[in-house]
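User: I am new to reading protein structures. Could you take a close look at one helix and the stretch of chain that comes after it?

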Amino acid sequence: KVSGQAVEVNWPGPCMRLDKLVKDHKARRYVESRKFDPDKLGKVYGVSYCADSIHYLASNRLVIPIYLGGKMVAWQTRYIGELDWKGPRKKELPTKYWTMPGANKGNYLVNFDKAKNYRTGVIVEGWFDVFGLGPMAMPVLGSSVSDRQIKQFASTFGVEGRSGVLLLDPEEFKSRLTRRIVT
């Protein structure tokens, strides 16, 4: 941040929105294999494919831009494919998600620009939860929610006539962080 304003950032390299890619592109096929419409994800959320980047964890990946106040302030990449990231050989696998260097995910509610237009806001873990639920969902890009995010969420969705929902993956239900958020 500079003078309290969000700083606009650049894409990690040459990127093309999913809806602009050829129909049989591997990024489109992957999204379709997850039962999502790549055209919609490209047009509504700006989900793109990065062919090459100076950041090796951004090359050949999906790139999801993160907007705040209409400016792209960060981005997150996602490996194209499904691997056993919780299995015994997880340390040998490529990173599933990778967030832009220097981005502090806890400073803001991701997708808030869209979600604030709805009466009910929903906190979810990741982007594919947003894609499945809709634009009222805000991913915390993990399983923890910062105090700053809680305050922003409560000030918008904890007022008369509005509501908020915490919708994390089932395995997070008993975690200390989830209990702290709920209480």
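Analyst: Here is a walk along one helix, a strand that comes after it, and then a pair of strands further on.

This is a predicted model, in which local features need pLDDT of at least 70 and side-chain atom pairs count only at pLDDT 80 or more, while totals for chains, interfaces and linings use all residues. Residues are numbered from 1 along each chain as its sequence is written, and side-chain values use heavy atoms, with hydrogens and water left out.

Let us set the scene. The chain has six helices and eight strands; these are DSSP runs (helices: H or I, at least four residues; strands: E, at least two), numbered from the N terminus. Of its 183 residues, 43% count as buried, meaning under 20% relative accessible area with a 1.4 Å probe, protein chains only; exposed is over 50%, and partly exposed lies in between.

Now to helix α2, which covers residues 38-45. At its N-terminal end, Asp 37 acts as a cap: a side-chain oxygen of Asp 37 lies 2.9 Å from the backbone nitrogen of Asp 39. Asp 39 is itself buried, as are Pro 38, Leu 41, Gly 42 and Tyr 45. What do the buried residues of α2 pack against? Their partners are β1 (15-17), α1 (26-33), β3 (61-68), α3 (112-115) and α4 (127-133).

After the helix comes Gly 46, with a positive phi near 75 degrees. The backbone oxygen of Gly 46 also lies 2.9 Å from a polar atom of the Ser 48 side chain. This is a polar contact (a pair of N or O atoms within 3.5 Å; within protein, one must be able to donate a hydrogen and the other to accept it, and residues adjacent in sequence count only if both atoms are side-chain atoms).

Ser 48 belongs to strand β2, residues 48-50. Ser 48 counts as buried because its relative accessibility is 2%. Beyond its neighbours within four places in sequence, Ser 48 is in contact (heavy atoms within 4.5 Å) with Trp 11, Cys 15, Met 16, Arg 17, Leu 18, Arg 61, Leu 62 and Val 63.

Further along, β3 pairs with β4 in the antiparallel sense over seven bridges; two strands pair if DSSP finds at least two bridges between them. The two form a hairpin with two residues between them, and Gly 69 in the turn has a positive phi of about 60 degrees. Pro 65 stands opposite Trp 75 in β4. In β4 (residues 71-78), seven of the eight residues are buried.
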